[in-house]
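This report describes selected features of the structure shown here.

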Amino acid sequence: MRGSEFAELKAFVAVVDRTSFARAADHLGVSRSALSQTIRQLESRLGVRLLNRTTRSVSPTEPGRRLHERVAPMLRDMDQAVAQAVGTRARAAGTLRINTLSMAVERLIAPRLGRFAAAHPEVVLDIVIDDGLSDIAGEGFDAGIRVGGRLQKDMVAVRLTPDFELLAVASPDYLARRGEPRTPADLSRHDCINWRFPGSGKIAGWPFRKKDKTIEYFGEGKVISNHQDIIVPAALQGLGILYAYNDGGIADALAEGRLKRVLADWSPTVPGLFLYYSSRRHMLPALRAFIDCLLDRDIAVEEPPTSKKRR
């Protein structure tokens with residue numbers, strides 16, 4: 001295979017993996033016009049259209065899908081072989097695409113952005129906040145961040161946080177008006193602030209556990225949303241009972257007395273946040289550096305000053 005043919009196939013795989021000419025061009029370090037020309041050359045050489053293009057999306061045709069299925073694994077194996085040969089001395093560079101929950105952005109990523117950028121100036125962080133369950137490999141992401149129970153199969157998982165506790169909370173004003181539930185069954189007399197899963201559109205059940213008894217409750221209320229920026233303010237404004245992870249905003253409101261916890265003896269512990277990436281890919285140096293930053297393993301420990309010897 002000539003070098004130009006290899007470059008054409010690599011460009012094609014990048015476009016399909018990232019479902020975007022713009023993202024593929026950024027990944028490859030070329031202009032969009034140059035990438036489009038490369039794909040046209042490949043299609044002309046093969047005599048078949050490989051991609052369906054619209055102003056908003058790009059997807060493989062049936063011949064393109066078959067070609068991608070055969071070529072993409074071989075290119076990934078080659079990338080892995082090169083990465084393993086270079087080893088840990090490879091510098092962190094290029095675009096790192098991360099698909100993450102909004103709670104992980106607040107807890108982990110946002111506070112460390114400046115430090116990561118200063119330590120790795122050649123890395124571009126492309127962070128997509130997505131509270132659904134995206135196929136990170138199929139959509140061209142290098143890694144995703146999810147709670148432990150919602151990881152995709154065949155993935156390498158790295159724990160980022162301890163387990164979380166689910167909390168049922170409401171404003172003191174709401175509880176003064178409506179009373180405090182003592183058991184999950186009492187929630188039938190209350191307004192529940194519900195979470196809708198992005199993508200599937202399903203309403204999340206409320207899992208309760210006490211000793212050996214487990215209950216999943218589905219309540220009704222005046223507010224349903226798929227984002228923390230709606231459901232937490234709804235609870236603070238007295239619109240009902242919220243059942244959610246012990247996240248930063250909720251923990252602060254509890255400490256300040258703006259929210260009050262109920263059903264504490266029924267609240268279970270659930271898996272914490274994990275970063276995961278495809279087991280079929282060697283870990284990129286940029287991804288390794290990103291994980292080290294999230295876990296604060298990149299902070300150098302200062303040596304204590306050496307005491308001067310007495311003369």
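The sections below treat a helix pair, a sheet, a residue within a strand, and a further helix.

## Basis of the description

The structure is a predicted model.

## Packing of helices 2 and 3

Helix 2, spanning residues 21–28, packs against helix 3, spanning residues 32–46. Their axes lie 9 Å apart and enclose an angle of about 100 degrees. Because angles of 65 to 115 degrees count as roughly perpendicular, helix 2 and helix 3 are described as roughly perpendicular to each other.

On the side of helix 2, the contact is formed by Phe21, Ala22, Ala24, Ala25 and Leu28. Helix 3 contributes Arg32, Leu35, Ser36 and Ile39. Classified by residue type, this contact between helix 2 and helix 3 comprises seven nonpolar residues, one polar residue and one charged residue.

## The five-stranded sheet

An open sheet is built from five strands in the order 4-3-5-15-6, with mixed pairing. Strand 4 (123–129) and strand 6 (155–159) are the edge strands, each of them pairing on one side only. On average, and with direction ignored, neighbouring strands of this sheet are turned by 25 degrees against each other.

At one edge, strand 6 pairs with strand 15 (residues 273–278) in the antiparallel sense, over five bridges. Opposite Tyr277 in strand 15 stands Val156.

## Arg97 in strand 3

Strand 3 covers residues 94–100 and includes Arg97. Is this arginine buried or exposed? Arg97 has a relative accessibility of 4% and therefore counts as buried, the cut-off for that class being under 20%.

The side chain of Arg97 makes a polar contact, at 3.2 Å, with the side chain of Asp126. Leaving aside residues up to four places away in sequence, Arg97 touches Arg18, Arg23, Asp126, Val128, Glu139, Gly140, Phe141, Asp142 and Ala143. Asp126 thus appears both in the polar contact and among the residues touched by Arg97.

## Helix 10 and the residue that follows

Helix 10 (residues 285–294) is mostly covered, with seven of its 10 residues buried. The buried positions are Ala286, Leu287, Ala289, Phe290, Ile291, Cys293 and Leu294.

What phi does Asp296 take just after helix 10? At Asp296, phi is positive, at about 60 degrees.

Key
Residues numbered from 1 in each chain as written. Predicted model: local features only at pLDDT ≥ 70, side-chain atom pairs only at ≥ 80, totals over all residues. Heavy atoms only, no water. Axes fitted to C-alpha atoms, helices over the stretch in contact; angles between N-to-C directions. Helix = DSSP H or I, 4+ residues; strand = E, 2+ residues; numbered from the N terminus. Parallel < 35°, antiparallel > 145°, perpendicular 65-115°, else oblique. Contact = heavy atoms within 4.5 Å. Nonpolar A, V, L, I, M, F, W, Y, C, P; charged D, E, K, R; others polar. Pairing = 2+ DSSP bridges. Buried < 20%, exposed > 50% of the residue type's maximum accessible area, 1.4 Å probe, protein only. Polar contact = N/O pair within 3.5 Å; in protein donor to acceptor, adjacent residues only side chain to side chain.
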